[in-house]
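Please open the structure in your viewer and keep the sequence panel beside it. We will select a few places in turn and look at what is there.

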Amino acid sequence: MMNLKVFTSTQRHLGIAMLLSVVWGNLILNPLKAQTPSKISADVDDLPNNTEQMKTWSCSQGNQEILVEVKMVTNWQQIMEMETNQWQCQEQLINISDNAVQFSCESNENTINLITVTWIKGNEGKSSMKNWINTFENQSMACTIDQTNPFWN
């Protein structure tokens, strides 16, 4: 015959309370720490040299400027035809406004490839960005935009 132990409701509540107190105590003694630096440097050379890290490029052409953040997309400049359209790009970080217009494209072919393009300034942003989105989608990437932003309407 099996010997089953039956817990009363009070014993169950006491057990749950003890478990929660241990978990809560661990959180207080070992708080979760965010892994963001206290100061973000604008110098790319100060960033860790990690191939898994996104690389950030500032590109300009005349009065137009964009920011391109790339992870594992090695041929993005050819895909966007940056050279043929005479965009000048250099790897660097720049500040962007909170309401900056951007799109992101990604694919999952063995590794996750991700590119985010942010329009910083200049004319013809909407048409250029839509062309780039179409080009990336033709490369089997899925692209997203913030459809609530009036820029895309």
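**Start at isoleucine 66**

Select isoleucine 66 and display its surroundings: leaving aside residues up to four places away in sequence, isoleucine 66 touches Trp57, Ser58, Cys59, Met80, Met82, Trp87, Val117, Thr118, Trp119, Ile120 and Trp132, where a contact means heavy atoms within 4.5 Å. Before going further, note that this is a predicted model, in which local features need pLDDT of at least 70 and side-chain atom pairs count only at pLDDT 80 or more, while totals for chains, interfaces and linings use all residues. Residues are numbered from 1 along each chain as its sequence is written, and side-chain values use heavy atoms, with hydrogens and water left out.

**The whole chain**

Now colour the protein chain by secondary structure, and you will find three helices and six strands, which follow one another from the N terminus as α-β-β-α-β-β-β-α-β. Helices (H or I, at least four residues) and strands (E, at least two) are DSSP runs, numbered from the N terminus. Of the 153 residues of the protein chain, 25% count as buried; buried means under 20% relative accessible area, exposed over 50%, and partly exposed in between, with a 1.4 Å probe and protein chains only. Among the contacts in the protein chain with a separation of 6 or more, 61% are between residues 24 or more positions apart.

**The nonpolar core**

Which residues touch the most other members of the largest nonpolar core? Select Ile66, Trp76, Met80, Phe103, Ile115, Trp132 and Phe136, which do so within a core of 23 residues. A nonpolar core is a set of buried Ala, Val, Leu, Ile, Met, Phe, Trp, Tyr and Cys residues joined through side-chain atoms within 4.5 Å. Two or more residues of this core come from each of strand S2 (64-71), helix H2 (76-79), S4, strand S5 (111-121) and helix H3 (125-138), and the largest share, four residues, is given by H3.

**The disulfides**

Next, show the cysteine side chains. A disulfide is a covalent bond between the sulfur atoms of two cysteines, and here it is recognised as a pair of cysteine sulfur atoms within 2.5 Å; a search of the whole structure finds two.

Select cysteine 59 and cysteine 89, which are joined with an S to S distance of 2.1 Å. Cysteine 59 lies in strand S1 (residues 55-61) and cysteine 89 in strand S3 (residues 88-91), so the pair ties together parts that are 30 residues apart in sequence. Cysteine 59 counts as buried at 0% relative accessibility, whereas cysteine 89, at 21%, counts as partly exposed.

Then move to cysteine 105 and cysteine 143, a disulfide with an S to S distance of 1.9 Å. This pair links distant parts of the chain, 38 residues apart, with cysteine 105 in strand S4 (residues 101-109) and cysteine 143 in strand S6 (residues 142-145). Is this second pair buried or exposed? Both cysteine 105 and cysteine 143 are buried.

**Last stop: glutamate 65**

Finally, select glutamate 65, which is found in strand S2 and is buried, with a relative accessible area of 17%. Not counting residues up to four places away in sequence, glutamate 65 touches Ser58, Cys59, Ser60, Trp87, Ile94, Thr118, Trp119, Ile120 and Lys121. Cysteine 59, from the disulfide with cysteine 89, thus appears in the list for glutamate 65 and also in the list for isoleucine 66.
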